[in-house]
Amino acid sequence: MIQLNKVNKLLPLLLAACMILFSHASQAAIDTFEFENAQQEKTFHELTKLLRCPKCQNQNIADSNAELAKDLRNKTYELVKQGQSKDQVVDYMVARFGNFVRYDPPVTPATIFLWLGPLLFIIFGLLVLIRQIKKQPAKANNLDDQEQQKLQQLLKQHAKDTKS
Amino acid sequence: MLNKRRVLTLLVPFIIFIIGAIFLATPLLKGSDPSKLDSALIGQAVPEFTLQDIYDADKQYDASIFKGQKMLLNVWATWCPTCYAEHTYLNKLAKQGLYIVGMNYKDDRKKAIRWLKDLNDPYKISLFDKSGMLGMDLGVYGAPETFFIDSNGIIQYRHVGDLNNKVWNDKLLAIYEDMQ
């Protein structure tokens, strides 16, 4: 019991220590960039979210701590400070790293299916649906004489049953 | 007749599935690595630059060194363990008479020179890209990378990762020999 109590007391302390340590580590990764105006700052932040880190693949350059992401952030900062527009910076990066650096891919022959795929899927589904609907009334009249007779009989029976 | 048409319509989703499966399975079975990206510079000339020689800070080079013969441009650094692994193979290629230019990327000059002295220097020219300026223009995203440059100074291929006997014989030798 006594030992357990001790652990219970220690735990919050340990947790606090962890939190302090890790928060310090994450703070250390944030670079400070200074801008002349709010517009440039906004462009910079939009760009670092839009550009993908080629080294770490599934992170944008704002999130990644990779050395290369840092370089790309610095370059982006430099270009934005020179007064280049968002598109100009994206073009600069694409010219060097390919369309891979964009989280917002352009329409090219290789990517056209990202747009056309769902559309074709819907059209195909609609066509199937239309055909099914068209088929149904035809089917309902497909009874031969004997079946027709039986149907009438059943309907009559049903009418009688519900009346009584 | 109706049955036949029905079978055909039912086949359509199956065929679409097969095509999709082939499309998705090919890269898996071929073992292609999604972390290896094609260079955006294939078919283009090596970008303009001015860089110092690694041994001699007064000696400067520009993009004209990449013209006149086909060659490899190897991007390396002393902080890169894979570069250490491939260095022996680079020495072997150099011995076979390949013209290899080295680009030391974001590194320490002293360490780099010691590396070349200790492990032998396979490079005809050694560029020192301290700031990573040419690396950025070449779209280098990790060392080692090797660019295949033809005699007109046009980049024909980029290999990401180390050069070794297997990858060279399986793939890269053919690319090198196809270049003019």
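These are my notebook entries on a two-chain model, which is a predicted one.

**Entry 1: chain A**

I started with chain A and counted its elements. I found 6 helices and 0 strands. Walking from the N terminus, I wrote down the run as α-α-α-α-α-α. Next I looked up burial: of the 164 residues in chain A, 13% are buried. I also checked how far apart in sequence the contacting residues sit. Taking contacts in chain A with a separation of 6 or more, I noted that 41% come from residues 24 or more positions apart.

**Entry 2: chain B as a whole**

Then I turned to chain B, which has 5 helices and 7 strands. Its order along the sequence is α-β-β-β-α-β-α-β-α-β-β-α. How spread out is chain B? I compared its radius of gyration, 22 Å, with the 16 Å that the globule rule gives for 180 residues; the value is well over the rule, so chain B is more spread out than a compact globule. The box filled by its C-alpha atoms, along the principal axes, is roughly 85 × 30 × 30 Å.

I looked at the domains next. Chain B splits into domain 1, residues 1–32, and domain 2, residues 50–178. Between the centres of these two domains, over C-alpha atoms, I read 45 Å.

For burial, I noted that 32% of the 180 residues in chain B are buried. Of the contacts in chain B between residues at least 6 apart in sequence, 74% join residues at least 24 apart.

**Entry 3: where the chains meet**

Which parts of chain A touch chain B? I first took the counts: 12 residues of chain A are in contact with 10 residues of chain B. On the chain A side, the elements giving two or more residues are α3 (67–81) and α4 (86–97). Of the elements there, α4(A) gives the most, with 4 residues. Sorting that side by class, I got 6 nonpolar, 2 polar and 4 charged residues.

**Entry 4: helix α2 of chain B**

I picked one helix for a closer look. α2 of chain B covers residues 81–95, which is 15 residues. From first C-alpha to last it reaches 23 Å, close to the 21 Å expected at 1.5 Å a residue. I also looked for bends, and there is a kink of about 35° centred on H87(B).

H87(B) turned up again when I listed the buried residues of α2(B), alongside C83(B), E86(B), L90(B) and L93(B). What covers these buried residues? My list includes β3 (71–76), β4 (100–105) and α3 (109–119) of chain B. After α2(B) comes G97(B), and I noted its positive phi, near 100°.

**Entry 5: V101(B)**

Strand β4 of chain B had come up as part of that cover, and I chose V101(B) from this strand. Is V101(B) buried or exposed? I counted 20 C-beta neighbours inside 10 Å, and 20 or more is the cut-off, so V101(B) counts as buried.

Leaving out residues up to four places away in sequence, I listed what V101(B) touches: I65(B), M71(B), L73(B), Y123(B), K124(B), I125(B) and L127(B). As a last check I looked at P27(B), 74 residues from V101(B) along the chain, and found 32 Å between their C-alpha atoms. P27(B) falls within the 1–32 range of domain 1, while V101(B) falls within the 50–178 range of domain 2.

Key. Residues numbered from 1 in each chain as written. Chains lettered and ligands numbered in written order. Predicted model: local features only at pLDDT ≥ 70, side-chain atom pairs only at ≥ 80, totals over all residues. Domains from an automatic or database assignment. Contact = placed C-beta atoms within 7 Å. Nonpolar A, V, L, I, M, F, W, Y, C, P; charged D, E, K, R; others polar. Expected span 1.5 Å × (residues − 1). Bend = angle between axes of the 7 residues up to and from the residue. Buried ≥ 20, exposed ≤ 12 C-beta atoms within 10 Å, placed from the backbone. Rg over C-alpha atoms; globule rule 2.2 N^0.38 Å.
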